[in-house]
Amino acid sequence: MGSCVELISMEGRLAALSLFAMQILALVGAGLLLSSWLLLCAALSIWLVASFGANLAFMLTLLAIVNALILIPVILLIRRLSRNLLFINSRQHFLSKKEKGGADTEYQLSPTL
């Protein structure tokens, strides 16, 4: 029994360290992705200015507005998916079980996508 607990403890520690490293690497990756996107938008703006003779400030502003418009459905999807973190079915199950004192019942999950 002692070796089993020690094994679980070591694996738990490894899992925690791995999760921490994954979070750090995700932040680094997000920073690199953001800088790549910004450079791509700047290059597109410069190309549009060179091709059509438009004002650089105007093109950068236009790309910023397009990015903001693309961001709106992303934020709405995140808000909708965040409802799945509320454990609605589990709370209903435990509240009904607590109030009625009944046995376990079958229930269906309905994730919001």
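**Exercise 1. In which helix does Ile 24 lie, and how exposed is Ile 24?**

*Solution.* Before we start, note that this is a predicted model, where local features need pLDDT of at least 70, side-chain atom pairs count only at pLDDT 80 or more, and totals for chains, interfaces and linings use all residues. Residues are numbered from 1 along each chain as its sequence is written, and side-chain values use heavy atoms, with hydrogens and water left out.

Step 1: Ile 24 lies in helix 1; helices (H or I, at least four residues) and strands (E, at least two) are DSSP runs, numbered from the N terminus.

Step 2: Ile 24 counts as partly exposed because its relative accessibility is 40%. The classes are buried (under 20% relative accessible area), exposed (over 50%) and partly exposed in between, with a 1.4 Å probe and protein chains only.

**Exercise 2. Count the helices and strands, and find the share of buried residues.**

*Solution.* Step 1: There are three helices and zero strands, in the order α-α-α along the sequence.

Step 2: Buried residues make up 5% of the 113 residues.

**Exercise 3. Compare the spans of helices 1 and 2 with expectation.**

*Solution.* Step 1: The expected span is 1.5 Å times one less than the number of residues.

Step 2: Helix 1, residues 2–52, has 51 residues and reaches 74 Å from its first C-alpha to its last, close to the expected 75 Å.

Step 3: For helix 2, the 27 residues should span 39 Å, and the end C-alpha atoms are 38 Å apart, which agrees.

**Exercise 4. Follow helix 1 to its partner, helix 2.**

*Solution.* Step 1: List the buried residues of helix 1: Cys 41, Ser 45 and Leu 48. Residues three or four places apart point the same way, because an α-helix has 3.6 residues a turn.

Step 2: These buried residues pack against helix 2 (56–82).

Step 3: Zoom in on Ser 45, which counts as buried because its relative accessibility is 0%. Leaving aside neighbours within four places in sequence, Ser 45 is in contact (heavy atoms within 4.5 Å) with Leu 56, Met 59, Leu 60 and Leu 63.

Step 4: Now look between the helices. Gly 53 follows helix 1 and has a positive phi, near 70°. At the start of helix 2, a side-chain oxygen of Asn 55 comes to within 3.3 Å of the backbone nitrogen of Ala 57.

Conventions:
Polar contact = N/O pair within 3.5 Å; in protein donor to acceptor, adjacent residues only side chain to side chain.
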